[in-house]
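Me: Hi! I've got this one open next to me and would love to walk through it with you. Shall we start?

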Amino acid sequence: MPSSVDQSTPAHELAALVGPVEELAAPRYAGLARRIRDLVSAGQLPTGTRLPAERDLATALATSRVTIASAYRVLREEGWARTRHGSGTVTDSPGAPAGVGWFPHAGAGRIDLGHAAPEAAPQLAGAYAAALAQLPSLTGGHGYFHNGLPELRAAIAERFTARGLPTDPDQVVVTSGVGDASSLVAEALLEPGDRVLVAHPTYPGALRMVEGARGRLVPVAVDATRPDDLVDAAHLAARQSAPRLAYLEPDFANPTGARLSATGRRRLAATLWQQGVLTVVDEVSAELHLAGDPLPPYAAGVPDVATVTVGGLSKAVWGGLRIGWLRTDAALADRLGTVLVRRQLSVGVLDQLAATALVRDLDAVLDGRRRQLRDRRDVLLAELAARLPDWQVHPPAGGLSLWCALPPGLSSAALSAAAAAHGVLLAEGRAFGTGHAFDDRVRLPFTLPAADLRTAVEVLASLAGPLRTGAGPAVPVGAPTVV
Ligand SMILES: Cc1ncc(COP(=O)(O)O)c(C=O)c1O
């Protein structure tokens, strides 16, 4: 939970969000508490926001101070608010992610479906061997490379250009992974209270990034069966809430697998650009298409300064490599690069040398990875169809995971808790949304070998029936870090 607070909601603003008190459920203090809880849950009052003084809110809502005090008390008792010495009452989330934490390492006997991240590609070891041989040519210098190793920046720029997005090396900054690249943008450009438009559900790292910068989420629903509906919904949300940033995954989004059509991405990029919203385009899965052809990069239809495209090698090659990048207008790239310099000076040279070889050889790496993921996806779909036919899945045309709708009465939190006790680690649905959304969903990555996927579905099938008794236990929301 955030440790500092300097974001507050003026009484008249909160009163406008709450609406007429006459329409609140009775008793009024409980109705008000519920309304505020829903606002926190929907991201409209982010965790850590200071609530107005009781007297001010009572005046703004034309109700008694006792009503406000009682509502705040209920919020505190239920974990939706806390008292901070000298800061009054601030919003909170019961069981919100602590910001750190990790699934227990999937040791012997455990099947880790909590991470949508495959094992290393076979080309990794060779790339490091070659990098080690090349290293002496660089060790005569100080080893710090502002914005990244020149040959790696050139290789990344070349790949963007070949994909239809003309790019110069000075538009590229090398980072320690994809998440690091997004965080640089948040760190450089977000002020506390700034709004950030996100697809909902979305990658939990994006939610943490906004929370870490004390931004406010503007969640926009996404449905993998009608992915282009996001275009009009995002247009409307941007008009209403004037976000500073949008964070989007146009290709095979985590966790839904949704992919914007060529027309949809062109329209969305144009509308957000026209409304002055800078879009962080997460391309972690962009080249993991398992059927059909790649689509033009999202950023291709708008000026370079309209987007920051972030990508990397974590899914194509290996998460342990920790190499990513961002691509934008050259001046903005340089500005973002200086944030990285302030934070960590530079990214490891040996990793960058290995990454250079891997980016140059990315077509071969991706061929193998796509073949592997396609086979595993099909195994997982077949196992689910055979053993859990009442789970609804929209088969994704790419990416790394299935977003499963559970049958009525089965809680994702309860299922995850029970599965963990049987050695199967899951990322429960609520980790991908704000508040308590998505307890009726679970993400199942198809990143493990077929035998593990079969065993995992067998375990889930043995648990799902007995668990369909209603609400699950109060399990902390998304406590582990999810990738
Ligand atoms: C959508 C998305 N973005 C970013 C990341 C993090 O990537 P990296 O490990 O390169 O920081 C992940 C990891 O799962 C992801 O799913």
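Me: Which residues in α1 meet α3?
Reply: This is a predicted model, so please read everything here in that light. In α1, Ala-11, His-12, Leu-14, Ala-15 and Val-18 do the touching, and they meet Asp-56, Leu-57, Thr-59, Ala-60 and Leu-61 in α3. By class, the residues of that contact divide into seven nonpolar, two polar and one charged.

Me: And how do the axes of α1 and α3 cross?
Reply: The axes of α1 (residues 11-18) and α3 (residues 54-61) come within 9 Å and cross at roughly 50 degrees. That angle makes α1 oblique to α3. The crossing of the two is right-handed.

Me: Nice. Switching topic: what are the domains of the chain?
Reply: The domain assignment gives domain 1 (7-91), domain 2 (111-117 + 365-467) and domain 3 (123-360).

Me: How many residues go into the contact of domain 2 with domain 3?
Reply: Domain 2 puts in 23 residues and domain 3 puts in 29 residues. The C-alpha centres of domain 2 and domain 3 lie 26 Å apart.

Me: Which elements give two or more residues on the domain 2 side?
Reply: Those are α13 (362-387) and β14. Of the elements there, α13 gives the most, with seven residues. By class, the side of domain 2 that touches domain 3 has 12 nonpolar, six polar and five charged residues.

Me: Since β14 came up, what is the strand order in its sheet?
Reply: Five strands form an open sheet in the order β5-β15-β16-β14-β13, with mixed pairing. At the edges stand β5 (111-113) and β13 (392-393), each with a single partner strand, so one side of each is left without a neighbour in the sheet.

Me: Are β14 and β16 parallel or antiparallel?
Reply: They run antiparallel, with five bridges joining β14 (residues 401-405) to β16 (residues 441-445). If you'd like a spot to click on, Leu-402 stands opposite Leu-444 in β16.

Me: Which helix packs on that sheet and touches β15 and β16?
Reply: That is α14 (residues 412-421), whose direction makes about 160 degrees with that of β15 (424-428). Helix α15 (residues 450-467) lies across β5 and β15, and runs at about 85 degrees to β5.

Me: OK, on to the sheet with β6 in it. How many strands form it?
Reply: Seven strands form this open sheet, in the order β6-β12-β11-β10-β9-β7-β8, and here the pairing is mixed. Its edges are β6 (172-175) and β8 (216-221), each with a single partner strand, so one side of each has no neighbour in the sheet. Neighbouring strands of this sheet are turned by 20 degrees against each other on average, ignoring direction.

Me: What about β9 and β10, parallel or antiparallel?
Reply: Parallel: four bridges join β9 (residues 245-248) to β10 (residues 278-282). The bridge partner of Leu-248 in β10 is Val-281.

Me: And where does α11 lie?
Reply: Helix α11 (residues 330-344) lies across β6 and β12 (324-327), running at about 20 degrees to β6.

Me: Let's go to β3 and β4. How many residues sit between them in the hairpin?
Reply: The β3 and β4 hairpin has three residues between its strands, and Gly-86 in the turn has a positive phi of about 85 degrees. The two strands run antiparallel, with four bridges joining β3 (residues 81-84) to β4 (residues 88-91). One pairing to look at is Arg-82, whose bridge partner in β4 is Val-90.

Me: Last topic, backbone oddities. What is the peptide bond from His-200 to Pro-201, cis or trans?
Reply: That bond is cis, with omega near 10 degrees. You'll find Pro-201 in the loop between β7 (195-200) and α8 (204-212). A cis peptide bond also joins Asn-254 and Pro-255, where omega is about 10 degrees. The place of Pro-255 is the loop between β9 and α10 (262-274).

Me: And what is phi of Asn-147?
Reply: Phi of Asn-147 is near 70 degrees, a positive value in a residue other than glycine. Look for Asn-147 in the loop between α5 (123-134) and α6 (150-162).

Definitions and conventions. Residues are numbered from 1 along each chain as its sequence is written. This is a predicted model: local features need pLDDT of at least 70, side-chain atom pairs count only at pLDDT 80 or more; totals for chains, interfaces and linings use all residues. Axes are lines fitted to C-alpha atoms, for helices over the stretch in contact, and angles run from 0 to 180 degrees between N-to-C directions. Angles under 35 degrees count as roughly parallel, over 145 as roughly antiparallel, 65 to 115 as roughly perpendicular and the rest as oblique. A crossing is left-handed if the near helix is turned anticlockwise from the far one by less than a right angle, and right-handed if clockwise. Two residues are in contact if their C-beta atoms, placed from the backbone, lie within 7 Å. Ala, Val, Leu, Ile, Met, Phe, Trp, Tyr, Cys and Pro count as nonpolar, Asp, Glu, Lys and Arg as charged, and the others, Gly among them, as polar. Two strands pair if DSSP finds at least two bridges between them. Domain bounds come from an automatic or database domain assignment.
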